[in-house]
Structures are given as structure tokens and as C-alpha cells.
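Let's walk through a few points of this model together, one question at a time. Have a look at it first, and then we can start.

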Amino acid sequence: MGGILSCDRRRPTPETAPDESSEKTSREAKVAEAKRKAMQAKELGNQHFKEKDFENALELYALSAELHRDDPSVWLNLSIVKRQLGDFKSAEEDAEIAVRLDGSNPKAHYSKAMALRQMGNSQDALDACLRGLQKVHDDKAKALQQLKCELEKEIPPPKTLVELLEEDAATGKQQVPKKQLDEDEVLIEELPREPAKKP
């Protein structure tokens, strides 16, 4: 009867119980190993970049980013090397990732703006500079500030309505949409008129 009432199931001993701390330690060790390998790949990529071996630098930076996705410096390096290789769209995307990971890094904002400029998007490049300068307020942003000034010189000021209408008349093309002209006429008609002065 003792066997029926007693529980033959044994409780796990500390040796047989799942050890959560060893699983956590194992995960931490894997993460640390991945970060170490990512750092090695990045350092090798830096060496290749200095030697102007951009293709191998790209491969090593990509490996580093794959191993450690949260390192903004790797994404920045990817952006810079892709600009060197003429892949401006990917360079802009990688710089954007670097900006999202570390918005206070002026080099990330600079690389994004340069990629946009190299794609011919001067206005977007200027906007990227301005966003970067809002987040970075120190001497490290000198290159970003200089790029902003250069872009402001490149971008012509918007034409006034009068200038557009004069061009329309000279070329015979209509640059100002009819809707805009109708709205402007309404606005002009609504302006208060001064009473005529008596002589």
C-alpha cells in the first residue's frame, strides 16, 4: 500500500534540472563571439579601405553588419565604401540605418547627404544636412555645416509667380498650373481696394 500512496516520481535534482543561468551564459557567449568576429571583420575592412581595395572592404563590412546589426559605425562604413563604388542609393540607405542607430553621429548625416547629392537630389541632401545639424551641436559637425553651405549655393531660390508668368509668356509654355492662376486671381480680387483719391 505504501507504493500506491507514495509518489514514485522523483523531483529533479539540481544536476538534472534545466539550468537557466547556463543557457543565458551560453547565449551571452554567442553574442560576445559574434561581436568579436564582427569587430575583426570591420578592422580588416578598414585596412582594405585604406588600401583603396573597396570591393574587399565592402565584403568585410557586410559580414560585420550581418554579425552585429546594432553597430552604427559598420553601417556608416558600408555607406562610405558604397559611395566610393558609385552605389549611391544603397549608400544612402546604409547611412539612414546609421542615423537611426546613432542620430548624434555627424558623419552618418554627412554620408547620407553626400549620397543624396551624388544621386542629384540636392534638396533632399540639404534637408538631410539640416536634420543632422538639429541633432549635432558641436565642432564635429563642421563638415556637415560646410556641405549645407555648398548645397544652399547649388539650389536656386524658388521663382516668384511673376517670374514664372514672364517665362510662360516668353516661351509659350505654361509652368504655372491653371488652378494656381485661378486661386491667385481670386486672392487678388479679394484684396481691399483703396478709394480713388480726389484731385
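Q: Is Glu150 buried, partly exposed or exposed, and what is its relative accessible area?
A: This is a predicted model, in which local features need pLDDT of at least 70 and side-chain atom pairs count only at pLDDT 80 or more, while totals for chains, interfaces and linings use all residues. Residues are numbered from 1 along each chain as its sequence is written, and side-chain values use heavy atoms, with hydrogens and water left out. Buried means under 20% relative accessible area, exposed over 50% and partly exposed in between, with a 1.4 Å probe and protein chains only. Glu150 is partly exposed, its relative accessible area being 31%.

Q: Which residue forms a salt bridge with Glu150?
A: A salt bridge here is a side-chain nitrogen of Lys or Arg within 4 Å of a carboxyl oxygen of Asp or Glu. The closest N and O atoms of this pair are 3.1 Å apart. The partner of Glu150 is Arg117.

Q: Why does the pair of Arg117 and Glu150 tie together parts of the chain, and how many residues apart are they in sequence?
A: Helices are DSSP runs (H or I, at least four residues), numbered from the N terminus. Arg117 lies in helix 6 and Glu150 in helix 8, so the pair ties together parts whose separation in sequence is 33 residues.

Q: Which other residue meets Arg117 in a salt bridge, at 2.3 Å from N to O?
A: Arg117 counts as partly exposed, at 23% relative accessibility. The partner in question sits in helix 8, 37 residues apart from Arg117, and at 36% relative accessibility counts as partly exposed. That residue is Glu154.

Q: Which salt-bridge partner does Glu92 of helix 5 have in helix 6?
A: Glu92 counts as buried, at 11% relative accessibility. Its side chain meets the partner's at 3.3 Å, N to O, and the pair ties together parts 20 residues apart in sequence. The partner, itself buried at 10% relative accessibility, is Lys112.

Q: Which helix gives the most to the largest nonpolar core?
A: A nonpolar core is a set of buried Ala, Val, Leu, Ile, Met, Phe, Trp, Tyr and Cys residues joined through side-chain atoms within 4.5 Å. The largest one has 14 residues, and helix 6 (106-118), helix 7 (122-135) and helix 8 (142-154) each supply at least two of them. With five residues, the top contributor is helix 7.

Note on methods: Helices (H or I, at least four residues) and strands (E, at least two) are DSSP runs, numbered from the N terminus.
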